Amino acid sequence: MGDRLTNAERLICSLAVQIRNGEKAVVGNNSPIPAAAALLAKRAHAPLASAYILGSSIDWPFTDMQQFFNFVQRGAADVFFLSGAQIDAYGNINLHVIGDYAAPTVRLAGGAGAAMFYYRSKRVYLFKADHELKGFPERLDFITSSASPAHRTESSLGRLEAVYTPIAVLRPDAQEGRLELVQTAPGVTPEEVAQRTGFRLNHAPAVETLAEPDSELVQLLRSEVKNDLRAIYPEFAGSELR
């Protein structure tokens with residue numbers, strides 16, 4: 001397949017295949033990885049999908065931000081990709097502060113519309129560009145948005161499907177909704193993933209190894225999609241895509 005995949009490329013390919021043809025995928029601000037994934041899905045297997053990417057005119061049908069927020073609030077978004085500075089064992093996320101809220105070590109940009117989007121999109125995929133202890137703590141410093149079904153008004157909305165990182169895929173278990181390890185990247189052991197996770201990480205009965213992305217998919221990402229992405233995230237396209 002040529003050069004070794006970057007972490008970003010592996011994540012993009014994994015997220016892209018989650019978008020089905022004809023679906024409406026929503027990508028928030030400052031999110032180059034899911035933006036590339038949505039563009040890759042349209043180029044590869046889902047030409048009738050819509051990629052609503054903040055900051056991009058591709059597929060953008062809204063006249064203002066209120067119209068866009070109304071669209072999501074109606075439950076019309078099929079897929080939403082979301083990250084967090086911290087993600088806990090149940091898929092709750094923190095986008096606000098590291099440390100005490102009144103006197104934080106780091107004050108982050110905040111959730112923008114993430115809290116509402118998490119509740120009102122049909123399927124949610126969380127992701128992180130790295131997999132380290134600090135990003136997966138036992139307890140969040142602040143809860144920006146919760147994955148708990150108790151906070152959902154409609155069972156068909158706000159369903160957390162999985163958390164993707166460069167080394168693993170975690171999914172909520174059927175009993176408690178607690179994240180468990182279901183797949184590892186090639187060359188990564190379940191023990192390594194557990195050591196890099198701050199909360200107790202259960203394993204699925206059979207932890208699988210993620211298949212390498214198809215070479216044609218990677219080539220499409222590094223050519224046509226990279227060119228598309230330059231108009232939105234030029235620095236990312238130049239540094240993270242080979």
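Where does Y125 lie? Hold on to that question for a moment, everyone, while I say what we have on screen.

This is a predicted model, with residues numbered from 1 along each chain as its sequence is written. Local features need pLDDT of at least 70, side-chain atom pairs count only at pLDDT 80 or more, totals for chains, interfaces and linings use all residues, and side-chain values use heavy atoms, with hydrogens and water left out.

Now, back to the tyrosine. Y125 lies in strand β8. When I say strand or helix, I mean DSSP runs numbered from the N terminus: H or I with at least four residues for helices, E with at least two for strands. Is Y125 buried or exposed? Its relative accessibility is 3%, so Y125 counts as buried. The cut-offs are under 20% relative accessible area for buried, over 50% for exposed, and partly exposed in between, with a 1.4 Å probe and protein chains only.

Which residues does Y125 touch? Leaving out residues up to four places away in sequence, the list is L15, Q18, V79, F80, F81, L82, E161, A162 and Y164. Contact here means heavy atoms within 4.5 Å. Y125 and I12 are 113 residues apart in sequence, yet their C-alpha atoms are 12 Å apart in space.

Let's follow E161, A162 and Y164, three of those contacts of Y125, over to strand β9. This strand covers residues 159-164, and 5 of its 6 residues are buried. Strand β8, residues 123-127, pairs with β9 in the parallel sense over 5 bridges. To count as a pair, two strands need at least two bridges found by DSSP. Look for F127, which stands opposite Y164 in β9. As general background, side chains in a regular strand alternate between the two faces of the sheet.

On to the next neighbour. Strand β10, residues 168-172, runs antiparallel to β9, and 2 bridges join them. Y164 has V169 as its bridge partner in β10, and a hairpin of 3 residues links β9 to β10.

Past β10, you'll find G177 in the loop that leads to β11, residues 179-184. G177 has a relative accessible area of 23%, so this glycine is partly exposed. Beyond four places in sequence, G177 touches A89, Y90 and P172. Between G177 and L160 there are 9.0 Å from C-alpha to C-alpha, for 17 residues in sequence.

One helix stop, too. A41 sits in helix α2, residues 32-44, and is buried, with a relative accessible area of 0%. Among residues more than four places away in sequence, A41 is in contact with A16, I19, A46 and P47. A41 and Q18 are 23 residues apart in sequence and 8.4 Å apart in space, C-alpha to C-alpha.

Finally, let's zoom out. The chain has 7 helices and 12 strands. Its radius of gyration is 17 Å, close to the 18 Å that the globule rule gives for 242 residues, so the chain is as compact as a globular protein of that length. That radius is taken over C-alpha atoms, and the rule is 2.2 Å times the number of residues to the power 0.38. The C-alpha trace spans about 45 × 40 × 35 Å along its principal axes. Buried residues make up 53% of the 242. Of the contacts in the chain with a separation of 6 or more, 69% are between residues 24 or more positions apart.

Thanks for listening!
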